[in-house]
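This report describes the structure shown below, beginning with a contact between chains and then turning to domains, a helix and nonpolar cores.

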Amino acid sequence: MTRRTIAALAGVLGGGLAGILAGAMAGGLALLGTGAAWAQTKSAADGIAEYRKMLEDGNPADLFEARGEALWKRARGPKNATLERCDLGKGPGVVKGAFVELPRFFADTQRVQDLESRLVTCMETLQGFDGAAIARTPFGRDEQNNVTALATWVAAESRGLRFNLPTGNAEERRFYELGKRAFFFRGGPYDFSCASCHGEEGKRIRMQDLPLLTKNPGDGVGFAAWPAYRVSNGQMWSMQLRLNDCFRQQRFPFPGFGSDVTIALGSYMGVNAKGAQSIAPAIKR
Amino acid sequence: MADPMRIRAQMQGDKAVVRVLMSHEMETGQRRDAAGRLVPAWFIQDVTVSLNGKAVLTVEWGPAIAKNPFLQLNVKGAKVGDKITVLWKDNKNDTRTDEATVS
Amino acid sequence: MQTRREMLGKSATVAALLASAGMLPLHAQAAWPQAAFEAKTFADVMKSLGGNAPVESKDVTITGPDIAENGAVVPVGVSTSLPGAKRLLLLVEKNPSVLASVFNVTDAVDASFNARVKMGQSSNVFAVAMMADGRVLFAQKEIKVTLGGCGG
Amino acid sequence: METQFVTSRLRPTLAAAAACAVLAGCATLPPPAELDRQAAAMIKASFRDEGIAKVDRIQQDLGQAACSSEQPPSDEVADRIMQEARAGVKWPSGGVYLGDWREGERLAQNGRGMTWTDPSTAATANGGNCYNCHKISEEEISHGTLGPSLWNYGKNRGITGLDSPTAQPIFEYTWMKLYNSKSYNACSNMPRFGHFGLLNETQLRHLMALLLDPRSPVNR
């Protein structure tokens with residue numbers, strides 16, 4: 001390790017273990033600096049592949065999955081009802097296979113909804129929760145945390161199935177078109193769009209491989225991997241939170257939870273992912 | 001109350017491979033929150049794994065164990081249908097116990 | 001394999017069973033070794049746990065990745081092929097306190113365990129076996145820690 | 001009373017489309033220009049201010065708007081974007097292009113700045129984010145590949161000393177690229193560091209040194 005890297009480490013880790021999180025926030029600081037050479041780059045990639053493999057057996061997403069299942073079946077909210085009659089698109093109470101067909105158009109709300117926004121609708125209509133209040137709640141807190149757990153369980157019930165979003169409804173096709181436009185929309189002080197990072201094959205940011213999202217990026221990649229447990233912060237991330245943090249790093253303003261731009265992007269990525277096998281909930285860096 | 005654990009116990013040869021995931025923050029006591037205040041230490045200190053009610057392993061952990069801890073061990077002489085019980089206790093004296101059946 | 005629901009439902013009754021089996025008191029007796037968990041060096045951990053001077057040994061195995069993509073979660077394992085191991089330990093040399101885990105081995109389990117540790121930086125990780133005859137044997141592995149993301 | 005989640009999100013822009021679905025009379029998509037308009041309205045309605053990241057960030061300038069689809073802009077528009085970019089470049093005072101490559105390396109490593117979790121929009125609070133996309137120093141293996149490798153950037157361009165005869169035009173080109181990447185490529189993926197005040201003159205000089213100073217690890 002170089003002297004420079006050690007100095008950087010000392011800086012980041014001034015707070016001991018606290019530095020892990022601080023370091024993750026500081027981002028750019030690379031803690032790995034070795035002598036050089038292409039061969040080492042290759043072995044670093046191999047090493048990281050090995051690390052990821054070791055984590056797969058024992059994904060803490062299982063904990064959220066279990067909690068989501070319990071939440072689905074527990075009578076809760078002002079109406080003291082369960083979610084067992086929630087219609088995720090395949091009829092009331094049908095969970096298996098629902099995830100790989102979302103977002104889709106729902107006749108009762110007259111709109112295209114993704115998994116999380118649909119769960120909030122069910123919490124509102126069946127259990128009597130205030131959906132707008134949930135939408136305003138920061139990720140990881142209170143009922144928002146429950147939405148993530150529910151989404152994790154619903155996704156897990158479609159593990160191994162292939163994405164096949166319906167496109168028969170004109171609204172579904174319109175949301176796909178709007179999502180495509182949002183995907184290429186450049187803005188913010190860095191001029192970034194989704195396509196800046198996810199518009200070309202085989203690219204990476206730092207050490208992270210970037211899936212090409214304008215087509216099916218492959219089984220268990222991109223749209224077919226979220227919700228996922230994030231090792232770096234020990235958080236469970238739904239696709240809504242994944243998109244939210246993408247926009248943060250894009251240096252955009254804050255997208256509302258379940259806002260149309262997030263759902264349209266889901267439609268675009270989901271339709272593009274047709275045929276991709278879902279591995280959600282996955283485990284990520 | 002803490003969320004349930006996830007326990008998998010599967011026979012491999014004459015041993016049960018037990019994998020446990022526990023839901024816990026595992027705060028080190030050295031991290032600061034957004035307001036700059038130290039977040040107090042909060043972590044699992046003791047874990048006990050039992051086979052049909054008899055302790056087969058005790059573990060002591062410090063705050064350097066990762067959030068939502070994972071533990072894997074092999075229990076000898078177990079058979080399908082046996083009960084594997086896991087108990088943890090943290091530094092606030094909260095405890096959680098869950099059970100799984102060996103398959 | 002039992003369903004998750006069955007698994008969740010049983011936990012309440014289990015505590016009572018354990019208590020009646022005399023297991024809870026046993027657990028409570030073993031005081032958590034605070035001084036060992038506050039020790040800053042391998043040697044101090046040994047001093048605190050009453051162990052002899054450690055000797056590197058091929059009979060102890062440490063498993064872990066060469067590179068961890070994130071220090072917040074690093075999968076590591078400790079095992080020994082030797083009979084008579086009383087305690088297996090995992091230590092991270094460059095963490096503020098080095099000791100991460102103590103496994104108190106019984107005859108009913110293999111002396112082989114996996115857990116996940118936090119690492120503040122690239123460091124040697126030690127797998128230690130404290131033997132019944134007083135020997136302290138160890139293996140070590142350097143694990144590099146990187147931050148793979150774009151940050152910001 | 002709080003509007004319901006379900007209904008509150010039926011934005012005015014979508015009302016027509018929603019009605020469309022109700023009547024089931026229009027199974028066909030609106031024409032592309034109408035979809036463009038709807039997408040713009042959707043984006044406007046979906047974001048809110050958070051911390052330093054205000055909604056004015058999604059008001060596009062020409063360079064952003066013209067590069068927001070799979071189709072590149074016309075040559076005419078691209079030329080206009082590049083000309084305006086070049087015209088707006090502010091050259092370093094005193095003609096001093098290079099700072100300290102060590103500071104440049106620190107900036108290149110730093111991926112912070114301008115997100116809604118950052119406290120300040122000041123250039124001094126920002127990193128260069130360079131390693132996110134580029135290989136730069138060979139020692140750093142955690143680098144992105146969205147941009148070209150910058151390893152040996154100066155050396156490959158024949159800069160062997162600070163007074164190399166070939167140096168001046170390369171200094172100017174590189175400064176322009178860092179200041180406003182649209183100077184040479186209307187739809188460059190690289191942020192316009194000088195143009196948007198993401199980095200100040202001193203910081204830009206440090207990055208210049210990282211790329212061009214023969215003593216920098218980039219050129220060794």
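## The contact between chains A and B

In this predicted model, twelve residues of chain A meet 14 residues of chain B in the contact between the two chains. On the side of chain A that touches chain B, α2 and α4 (61-73) of chain A each supply at least two residues. The largest share of that side, four residues, comes from α4(A).

The residues on the side of chain A that touches chain B can also be sorted by character: six are nonpolar, four are polar and two are charged.

## Two domains in chain A

Chain A is divided into domain 1, residues 3-56, and domain 2, residues 58-285. Where these domains of chain A meet, five residues of domain 1 are in contact with six residues of domain 2.

On the side of domain 1 of chain A that touches domain 2 of chain A, the elements giving two or more residues are α2 (18-26) and α3 (38-56) of chain A. The largest share, three residues, is contributed by α3(A). This side of domain 1 of chain A consists of four nonpolar residues, no polar residues and one charged residue.

## An enclosed helix

Helix α10 of chain A spans residues 239-249, and eight of its eleven residues are buried; the helix is therefore largely enclosed by the rest of the structure. Which residues of α10(A) are buried? They are M239(A), Q240(A), L241(A), L243(A), N244(A), F247(A), R248(A) and Q249(A).

These buried residues of α10(A) pack against four elements of chain A, namely α5 (115-125), β6 (235-237), β7 (254-255) and α11 (260-272). Just after α10(A), the residue R251(A) takes a positive phi of about 70 degrees.

## The nonpolar cores

The largest nonpolar core contains 162 residues. Within this core, the residues with the most contacts are I84(B), L88(C), L90(C), L91(C), V117(C) and V128(C). Helix α7 of chain A, residues 142-156, provides the largest share of the core, eight residues.

What does V117(C) touch, not counting residues up to four places away in sequence? From chain B, its partners are A64(B), I65(B) and A66(B). From chain C, they are V74(C), V76(C), L90(C), V92(C) and A100(C). Apart from the largest core lies another core, of 29 residues, which includes C130(D), Y131(D), F193(D) and M208(D).

Methods
Residues numbered from 1 in each chain as written. Chains lettered and ligands numbered in written order. Predicted model: local features only at pLDDT ≥ 70, side-chain atom pairs only at ≥ 80, totals over all residues. Domains from an automatic or database assignment. Contact = placed C-beta atoms within 7 Å. Nonpolar A, V, L, I, M, F, W, Y, C, P; charged D, E, K, R; others polar. Buried ≥ 20, exposed ≤ 12 C-beta atoms within 10 Å, placed from the backbone. Core = buried A, V, L, I, M, F, W, Y, C linked by C-beta atoms within 7 Å.
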